[in-house]
Protein chains: 2
Amino acid sequence: MNPRGEGRGSRGRGGAAGFEPTQGAATIYAVAQRAGVSTATVSRALGGSSKVADRTREAVLTAARELNYVPDGAARALAGRRTHALGLVLPHIDGPYYAALLVGFEMAASELGLSVVISLAGPETDPQRAVRTLASNVDGIAFMARSAVEDALIEELAARRPVVTAARGRLPGRDALYAENPRAAADLTAHLLEAGKRRVGFVGRPEPDSDIGARYQGYLAALAGAEVEAGPLFAVDPVEEAGEDVVRELLAAGLDVDALVCGNDQLALAVMRALQDGGVDVPGQVAVVGWDDVHAARFVRPGLTTVAQPVEELGALAARRLAALVDGGAPVEEPVVLDSQIVHRSSCGCAHPGTGEELPSPEREESR
Amino acid sequence: MNPRGEGRGSRGRGGAAGFEPTQGAATIYAVAQRAGVSTATVSRALGGSSKVADRTREAVLTAARELNYVPDGAARALAGRRTHALGLVLPHIDGPYYAALLVGFEMAASELGLSVVISLAGPETDPQRAVRTLASNVDGIAFMARSAVEDALIEELAARRPVVTAARGRLPGRDALYAENPRAAADLTAHLLEAGKRRVGFVGRPEPDSDIGARYQGYLAALAGAEVEAGPLFAVDPVEEAGEDVVRELLAAGLDVDALVCGNDQLALAVMRALQDGGVDVPGQVAVVGWDDVHAARFVRPGLTTVAQPVEELGALAARRLAALVDGGAPVEEPVVLDSQIVHRSSCGCAHPGTGEELPSPEREESR
DNA sequence: CCGAGGGGTGCAACCGCTTACATGTGCCTG
DNA sequence: CAGGCACATGTAAGCGGTTGCACCCCTCGG
């Protein structure tokens, strides 16, 4: 005995307010009726691969198609205790880096039939509230990069929902993913030395446990390995103005470096431009390298040698890992580390130039 | 008589499967009990500003805080017929343009207490399915730019959910928002003429009703107004390689232009670089201008003169408009058009250079 | 002193699904 | 031929909120 008779037992709300909600959308009852089965059978036929006779399934599918039926997300989530949505927490997006992370995440999630709810945890918004709300709307949450969310909050949420972190200081016991840093940094630094540079400085604040910190370590290691004394460290924020400041300082001090490893491309581009504006030849007098392979890196002269990270893949992996956790998978003890790749252009001053144009950013590959 | 006794009447599911769902999360029942009131009162105290005595409200808020209560999204959505989420359909993101759109949208939504569910409607995924699913998970949907979603599908969804479009061919009767194009294009073209250019070509496929189409119209209008004959039109896709092809063709044909208006910066940057690689002086021999003010535009030499659109604001407006529709607002007959702004750098070859550095992209402004 | 008026609460019926458990049916076995 | 079993389906109890309506109690006015 169907709880509602023929017509849906709507509590006739006649107010002038609101877009008529879920207007006319077919419900599972409609499908059941049309297919001549119970709602339970419809649910099973459409979703769970449980035992449903082929004939029946067919009938249900047909009815569903004819009615253009799409199950209501909220109802499904409530009854099934699964929202089929993944949360993604990012810092305030800018630059291609986060965009790529997002793209990878979304595509992987969508392949798994999951939707993604994003939350920009900038310092200006209240991350506490936003993230807590997010938690009650998704099955699991990925925290990306240095989003302004404290570890304690993540831990709190982790108690009730699966959680992964990506490109972010890892939390003990939680799944973590990031791109390889120290080795690429070492290679890059060594590359500079091979090109004859001897006074190699570092630009960027190497906070412990951060990407830039790891890069700094690699840089140091390469220098130590080659028994070359480390150049000056400019521990500045990874923003453009900071890059300009560094160059000003450098110029004033008589330019005692012949190469600069920058924590990211934003810094590298700013540094390079400021140097050039100051009449310094790049890479002749000072080589400059960075990280991220931003779009602009291919357009500046000389082309910026930089490190491309498989960002999109990182995002995709995060989504897949999260989905696995939601499905009851066990956390992976070891963090997943993806290989970075140096993109040789000309700003490093090495022998084999190669504009780098023939090397599209790796993350582009799966875009087509 | 509470439907569940003391302990929550869980249907003891003991399987090994899945992360224990909503483990221990406080429910409205718990809050009600702790505050010594009914769940109806809790609901009203927390949400609806309906009549609740101050003392009672206080008690409820306290209890809620103590239990760290956050209402379950699914239940709230189901009962309230409001998901409190907005859907955002974007084409496959790349470049800062979509990222900015997204950021604006998300920030505005979050200010309104709404979450945002994104869907990347790239050609590779099945937009039909994805978007239909999205529709059953949100209160309204914003379609941004040329996402691979057909107008018919949008119309179908618009019948059951509020819909807005942004930076996209507008649909009759639906709310639409975009940045001003023809006038900025005309101004830009006029600017080129002022700089003494006389043979001004256009690069980009001017499809009717598209951004680039509108820009082309403005370009044409300016030329006509100045009684200057229009230069060649290179109707190519807005991608890098196309820009290179154009230049190759141009070079082969003896370079019969002294300025090129490009449909977007990607094209402009590619064109400019190819020209320079071909030994052409920019802007001396050929001036180049574009659209979007991408990050790289500030770093290339000469700095790219381009048009900055208030993209983040566009996104924010879309979110707010959508929210208004969801709340029962009437669609706005006239599309909302935001002003674009020309960013003068050096690639246009005009008198007053100004590197443009002192003019941060307008969309950055509200980021801080 | 009694009835009307009204603000504050509680009751309970949903919202549209999922799913444990009951039921029914047909076939195989003892 | 009865009992057992396996499979396909139906029944109905929730999932955790929201909200129309009834009710209670207190304040006033007549």
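Okay, one definition before anything else: when I say two residues are in contact, I mean that they have heavy atoms within 4.5 Å. Keep in mind that this is a predicted model.

Let's start with how the two chains meet. Of the interface residues of chain A, 100% are also interface residues in chain B, so the copies meet through the same surface. And how do the copies sit relative to each other? Take chain A, turn it by 180 degrees with a shift of 0.0 Å along the axis, and it lies on chain B with an RMSD of 0.1 Å. So the two copies are related as by a two-fold rotation axis.

Now let's go inside chain A, to helix α7, residues 151–158. Which of its residues are buried? They are A:Leu153, A:Ile154, A:Leu157 and A:Ala158. These cover an arc of only 140 degrees around the axis, which puts them on the same side of α7(A). That fits a general point: an α-helix has 3.6 residues a turn, so residues three or four places apart point the same way. And what do the buried residues of α7(A) pack against? In chain A, it's α6 (127–135), β3 (140–144) and β4 (163–166).

Last stop, a helix pair in chain B. The axes of α10, residues 240–252, and α11, residues 265–277, come within 8 Å and cross at roughly 40 degrees. That angle makes α10(B) oblique to α11(B), and the crossing is right-handed. Residues making the contact include B:Gly243 and B:Val247 from α10(B), along with B:Ala270, B:Val271 and B:Ala274 from α11(B).

Terms used
Residues are numbered from 1 along each chain as its sequence is written. Chains are lettered from A and ligands numbered from 1 in the order in which they are written. This is a predicted model: local features need pLDDT of at least 70, side-chain atom pairs count only at pLDDT 80 or more; totals for chains, interfaces and linings use all residues. Side-chain values use heavy atoms; hydrogens and water are left out. Copies are superposed by least squares on the C-alpha atoms of residues with pLDDT of at least 70 in both. Buried means under 20% relative accessible area, exposed over 50%, partly exposed in between (1.4 Å probe, protein chains only). Helices (H or I, at least four residues) and strands (E, at least two) are DSSP runs, numbered from the N terminus. The arc is that of the directions from the helix axis to the C-beta atoms. Axes are lines fitted to C-alpha atoms, for helices over the stretch in contact, and angles run from 0 to 180 degrees between N-to-C directions. Angles under 35 degrees count as roughly parallel, over 145 as roughly antiparallel, 65 to 115 as roughly perpendicular and the rest as oblique. A crossing is left-handed if the near helix is turned anticlockwise from the far one by less than a right angle, and right-handed if clockwise.
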